[in-house]
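Q: I should like to learn how to read a structural model with care. Where should one begin?

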Amino acid sequence: MSPYWAVLGARIRTLLQYRAAALAGLVTQFFWGGIRVMVFMAFYRSTTAPQPMDLSETISYLWLTQALLLLLPFRLDADLRAMMRDGSVAYELVRPTDLYWLWYARAVAQRFAPALLRAVPLYLVAWLFLGLQLPPNLGAAAAFGISLAGALLLSAAISTLMTITMMWTISGEGIWRLLSILTMFLSGSFVPLPLFPDWSQPLLAVQPFRGVMDTPFRLYIGHLPAAGVLLNLGHQLVWTGIFVLVGRLILARGVTRLVVQGG
Amino acid sequence: MVDGLRLYWHYVTISVRGQMQYRASFIMLTVALFFNMGLEFLSIWILFDRFGSLQDWTLPEVALLYGMVNIAFALAEGVARGFDEFSPLVRTGQFDRLLLRPRSTALQVVGLEVQLIRLGRLLQGLAVLLWAAAALGVTWTVGRILLMLATVVGGACLFAGLFVLQATMCFWSTESLEVFNTMTYGGVQTAQYPLSVYRAEFRRFFTYVIPLATVTYYPALAILDKVDPLGSTRLMQYMAPTFGVIFLLVCLRIWRFGERRYRSTGS
């Protein structure tokens, strides 16, 4: 087995241990989601004009956002960060593996395991009691699944890039915060992207961050045709490739100028 | 009392000097927080752009709510953040040291850390509030301005009370309870929109259990001269911010009660 798969598996098993934290997080997210759904319902009641998504589609979108919130690349790898602070990151450099893919494998696990722990119960409860609809047909469900895999790869590439910027320990945290906020906003987790002003839609369709949430969710509710799934997957993968390239470049520079903190 | 304030001021200057050692980092984080809040407000703008209004509330009216609650929260976070960092003190037994000193423990915990990066939220809330004040077309009488200040102070007290309560739980569980985030951060989210938007259970919770609405929604109605669909009177709306202060006093009482039951973990 390749070392990258081993790292992936080990991280997933470690992360699945934190069940109490997952439960506390669940309560928070139900609360959060409930507030958001009520606000959107009030907005929909305030207008009679037809909207790009109807209320039930929006409610599904909002609950999917909550269910898959941890797919967003906004949580840094705490272990790697501690390593960069205390200098043991030097051990990572010694390993006979490619540093980027090692960290990328960690990032995939970091996104996948917690997201799974949250998503399953949240999805079930939201579906049974809180107005989350099933996908309209099997095609949409399949497209959602495929697109979700693309979202995972993309999100991991973005978060690996964030981890790498932490090598510049002083200013890294600022960049990480800016990037994670931008991701949340442009992925549609504040406001579903179809509800943004009409003039901004062409721009939103190009930018990378929609691939993390908006694309799979719109495929799920049937707002994007299931037949377009491969095109959308292409969009996700192209951006994943760009983030990987940028990440590798910055990493290569970072390693050459790395000063191990603390020794 | 004066002595206590002097000591607190001393704590503040130490904390500020500490944070100023990492000036670039401080500036970056403040900018990031400002930017964060900016995008959050932009999201509200997007919704109003799409839907026109929220019940009978316009964007500047909601912006007033948003500005007040965020300023209040930033003040509370800046000052009472020490309570948020409290659980390690209990877990490691360091709280024993505070108990030995001849000053109130609440004061010492508050002095643990004064977070300057909260300035980002404060400035952004202030910017939104000023914009709202100009865009609203309300005549700013002395009464209205005083009510607005009282609302912010009441709100800051309420959030500070929540931080105290969260820390108090550590006396029993040693862990800080994450569920409190729904009331602190979640409370800010909730209070950015008029209370009438929410279902009855939520409204009751945020009026009678955690009196959040009394330091946001009710006084805002009086400032905006709006009729309350939930049927509160003007007098109630003007009195409402006091409940924030009362809430803080109650929380400090509970803190003292919890403190007496404190048993060191011994480590």
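A: One may begin with the contacts along each chain. Among contacts in chain B between residues at least 6 apart in sequence, 82% join residues at least 24 apart. For chain A, residues 24 or more positions apart account for 84% of the contacts with a separation of 6 or more. Please note that this is a predicted model.

Q: How is confidence in the model to be read, and which elements of chain B have the lowest and the highest mean pLDDT?

A: As a general principle, where pLDDT is low, the predicted coordinates should not be read in detail. Chain B has an average pLDDT of 84, and 96% of its residues score at least 70. Among the elements of chain B, helix α4 (residues 87–92) has the lowest mean pLDDT, 73, and helix α8 (residues 142–168) has the highest, 91. The model as a whole scores ipTM 0.85 and pTM 0.85.

Q: How many helices and strands does each chain contain?

A: Chain B comprises 14 helices and 0 strands. In chain A there are 11 helices and 0 strands.

Q: How does one judge whether a chain is as compact as a globule?

A: The radius of gyration is compared with the value expected for the number of residues. With 267 residues, a compact globule would have a radius near 18 Å, and the 19 Å of chain B agrees with this. Chain B spans about 60 × 40 × 35 Å along its principal axes, as judged from the C-alpha trace, and 42% of its 267 residues count as buried.

Q: What does the comparison give for chain A?

A: Chain A follows an all-α pattern when read along the sequence, α-α-α-α-α-α-α-α-α-α-α. Its radius of gyration is 19 Å, close to the 18 Å that the globule rule gives for 263 residues, so chain A is as compact as a globular protein of that length. The C-alpha atoms of chain A fill a box of roughly 65 × 40 × 35 Å along the principal axes, and 46% of the 263 residues count as buried.

Q: How can the length of a helix be checked?

A: The expected span at 1.5 Å a residue is set against the distance between the end C-alpha atoms. For helix α2 (residues 23–51) of chain B, the 29 residues should span 42 Å, and the end C-alpha atoms are 42 Å apart, which agrees. For helix α7 (residues 138–165) of chain A, the 28 residues should span 40 Å, and the ends are 41 Å apart, which also agrees.

Q: Which residues of α2(B) are buried, and what should one bear in mind when reading such a list?

A: An α-helix has 3.6 residues a turn, so residues three or four places apart point the same way. In α2(B), the buried residues include Met28(B), Leu29(B), Ala32(B), Leu33(B), Asn36(B), Met37(B) and Glu40(B). Phe41(B), Ile44(B) and Leu47(B) are buried as well. In α7(A), 20 of the 28 residues are buried, so that helix is largely enclosed by the rest of the structure.

Q: Which residues touch the most other members of the largest nonpolar core?

A: Of the 149 residues in this core, they are Met68(B), Ala72(B), Ala76(B) and Ala160(B). Helix α3 (residues 59–84) of chain B supplies the largest share of the core, 17 residues. Beyond its neighbours within four places in sequence, Ala72(B) is in contact with Val152(B), Gly155(B), Ala156(B), Phe159(B) and Val215(B).

Q: Is Leu129(B) buried or exposed?

A: Leu129(B), found in helix α7 (residues 119–135) of chain B, counts as buried, with 21 C-beta neighbours inside 10 Å. Leaving aside neighbours within four places in sequence, Leu129(B) is in contact with Leu64(B), Gly67(B), Met68(B) and Ile71(B).

Q: How many residues does each chain give to the contact between them?

A: Chain B gives 32 residues and chain A gives 25. On the side of chain B that touches chain A, α2(B) gives the most, with 16 residues. By class, that side has 16 nonpolar, 11 polar and 5 charged residues.

Q: Where does a positive phi occur in a residue that is not a glycine?

A: Gln55(B) has a positive phi of about 50 degrees and lies in the loop between α2 and α3 of chain B. Gln55(B) is partly exposed, with 13 other C-beta atoms within 10 Å. Asp225(B) has a positive phi of about 60 degrees; its place is in the loop between α12 (217–224) and α13 (234–239) of chain B. Asp225(B) is exposed, with 10 other C-beta atoms within 10 Å.

How values were computed:
Residues are numbered from 1 along each chain as its sequence is written. Chains are lettered from A and ligands numbered from 1 in the order in which they are written. This is a predicted model: local features need pLDDT of at least 70, side-chain atom pairs count only at pLDDT 80 or more; totals for chains, interfaces and linings use all residues. Helices (H or I, at least four residues) and strands (E, at least two) are DSSP runs, numbered from the N terminus. The expected span of a helix is 1.5 Å times one less than its number of residues. A residue is buried if 20 or more other C-beta atoms lie within 10 Å of its own, exposed if 12 or fewer, and partly exposed in between; C-beta atoms are placed from the backbone. pLDDT is the predictor's confidence in each residue, from 0 to 100. The radius of gyration is taken over C-alpha atoms; the globule rule is 2.2 Å times the number of residues to the power 0.38. Two residues are in contact if their C-beta atoms, placed from the backbone, lie within 7 Å. A nonpolar core is a set of buried Ala, Val, Leu, Ile, Met, Phe, Trp, Tyr and Cys residues joined through C-beta atoms within 7 Å. Ala, Val, Leu, Ile, Met, Phe, Trp, Tyr, Cys and Pro count as nonpolar, Asp, Glu, Lys and Arg as charged, and the others, Gly among them, as polar.
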